[in-house]
Amino acid sequence: MNIPRWKCYLAYIALLVACALWCYDCAAQSDPLAISHHKSYDVYYDMQAMSPLVVTYSVQLSDFAGNVRISSRHFKRDTNLPRPWVKDADFERSGYVRGHMCAAGFRDSNKELMKDTYYCSNICPMTMVCNSGAWKRQEDFIRNKCSGGCAFRIAAIARFENCDTIRIGGHQVKVPGSFVRLAVCQVHKGEAYTMVAQNRDIGGSDDDVILNEICSRFILDERAIAIACYYLQLPKSISETKIEKSSALLNYEFGR
């Protein structure tokens, strides 16, 4: 059977495109960190865990003083990141809920900003107990502080431990063992909080501790330390050696 030459050329081109996409996906997964900038928060995304490592944002009373509602709560793929893109279906029937790192409730004064929190790059797999327990109590604590005149810079961190091997969905999203929320008040100097939530069925706590203990007590990943120190404007002396070891991507991003 003779196949038209144009069909052979078309099949050859399709094969080249498929190979190029496959190589791109492999390269994306090999890179340790990708960055996605959104309207009111930034995501530092772990391409190996297929999960946000750190999400940074600011919050003050005006950010949640409204009562905005959105019709759809479907989480979108974040095409700002390299492929492959995690999608909403990866969380379905996994036993975990979609836990916001930058809370949608912190953006209910503006519909567009609230909708912008519904990206898959802004969520981590959380147990229901963690999401509606310690993680929510932290958000209530921050709201109460903002109602009293505070305005915060916040770094929400997914903490992956060596024993964390659970992955969910077709894109193998890694489940963090715990979460840390670092909050530094921009108004009252010296007012800072470290809040921890355990991703366990038995729940967790939102303990407040001195911020300069974060490196030794809560954060194992040197990239998370570097990002938190930079964004929260913490002194380098908190983790001088770990900041020096940060990746070339972080050095490039922070040096702009």
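**Exercise 1. The overall make-up**

Count the helices and strands of the protein chain, then say how much of the chain is buried and what its exposed surface consists of.

*Solution.*
Step 1. The protein chain has eight helices and ten strands. The model is a predicted one.
Step 2. Of the 256 residues in the protein chain, 50% are buried.
Step 3. About 13,100 Å² of the protein chain is exposed, and carbon and sulfur atoms supply 52% of that area.
Step 4. Now take contacts between residues at least 6 apart in sequence. In the protein chain, 67% of these join residues at least 24 apart.

**Exercise 2. Strand 9 and its two faces**

Find strand 9 and decide whether its faces are covered or open.

*Solution.*
Step 1. Strand 9 spans residues 178-185.
Step 2. In a regular strand, side chains alternate between the two faces of the sheet.
Step 3. On one side of strand 9 sit Ser178, Val180, Leu182 and Val184. On the other sit Phe179, Arg181, Ala183 and Cys185.
Step 4. These residues are all buried, and both faces are covered. The tally for strand 9 is eight buried residues of eight.

**Exercise 3. The partners of strand 9**

Which strands pair with strand 9, and in what sense?

*Solution.*
Step 1. Strand 6 (residues 152-159) pairs with strand 9 over eight bridges, in the antiparallel sense. Here Ile154 has Ala183 of strand 9 as its bridge partner.
Step 2. Strand 10 (residues 192-198) also runs antiparallel to strand 9, and seven bridges join them. Here Phe179 has Ala197 of strand 10 as its bridge partner.
Step 3. Strand 9 and strand 10 form a hairpin, with six residues between them. In its turn, Gly190 has a positive phi of about 90 degrees.

**Exercise 4. Strand 3 and its neighbours**

Say why strand 3 is largely enclosed, and trace its pairings.

*Solution.*
Step 1. Strand 3 covers residues 51-59. Eight of its nine residues are buried, so the rest of the structure largely encloses this strand.
Step 2. Strand 2 (residues 41-46) is joined to strand 3 by six bridges, and the two run antiparallel. Asp42 stands opposite Thr56 of strand 3.
Step 3. Strand 3 pairs with strand 6 as well, antiparallel, over six bridges. Val55 stands opposite Ala156 of strand 6.
Step 4. Strand 2 and strand 3 form a hairpin with four residues between them.

**Exercise 5. The nonpolar cores**

Which residues touch the most other members of the largest nonpolar core, and which elements each supply at least two of its residues?

*Solution.*
Step 1. The largest nonpolar core holds 51 residues. Tyr57, Val59, Met101, Ile142, Phe152 and Phe179 touch the most other members.
Step 2. At least two residues of this core come from each of strand 2, strand 3, strand 5 (123-126), helix 4 (134-147), strand 6, strand 9 and strand 10.
Step 3. A second, separate core has 19 residues, including Leu182, Ile225, Ala228 and Leu234.
Step 4. Now look at Phe152, leaving aside its neighbours within four places in sequence. Among its contacts are Tyr57, Val59, Ile142, Ala183, Val184 and Tyr193.

**Exercise 6. An arginine in strand 9**

Is Arg181 buried or exposed, and what does its side chain make a polar contact with?

*Solution.*
Step 1. Arg181 lies in strand 9.
Step 2. Buried means under 20% relative accessible area. Arg181 has 0%, so it is buried.
Step 3. The side chain of Arg181 makes a polar contact with the side chain of Gln138, at 2.9 Å.

**Exercise 7. Backbone details in the loops**

Find the loops that hold Met50, Gln172 and Pro84, and describe the backbone there.

*Solution.*
Step 1. Met50 is in the loop between strand 2 and strand 3. Its phi is near 55 degrees, positive although Met50 is not glycine. The relative accessible area of Met50 is 3%, so this residue is buried.
Step 2. Gln172 lies in the loop between strand 7 (167-168) and strand 8 (173-174). Phi of Gln172 is also positive, near 55 degrees. With a relative accessible area of 42%, Gln172 is partly exposed.
Step 3. Pro84 is in the loop between strand 3 and strand 4 (97-100). A cis peptide bond joins Arg83 to Pro84, with omega about 0 degrees.

Notes
Residues are numbered from 1 along each chain as its sequence is written. This is a predicted model: local features need pLDDT of at least 70, side-chain atom pairs count only at pLDDT 80 or more; totals for chains, interfaces and linings use all residues. Side-chain values use heavy atoms; hydrogens and water are left out. Buried means under 20% relative accessible area, exposed over 50%, partly exposed in between (1.4 Å probe, protein chains only). Two strands pair if DSSP finds at least two bridges between them. A nonpolar core is a set of buried Ala, Val, Leu, Ile, Met, Phe, Trp, Tyr and Cys residues joined through side-chain atoms within 4.5 Å. Contact means heavy atoms within 4.5 Å. A polar contact is a pair of N or O atoms within 3.5 Å; within protein, one must be able to donate a hydrogen and the other to accept it, and residues adjacent in sequence count only if both atoms are side-chain atoms. Accessible areas come from the Shrake-Rupley method with a 1.4 Å probe; for residues, only the protein chains shown count as cover.
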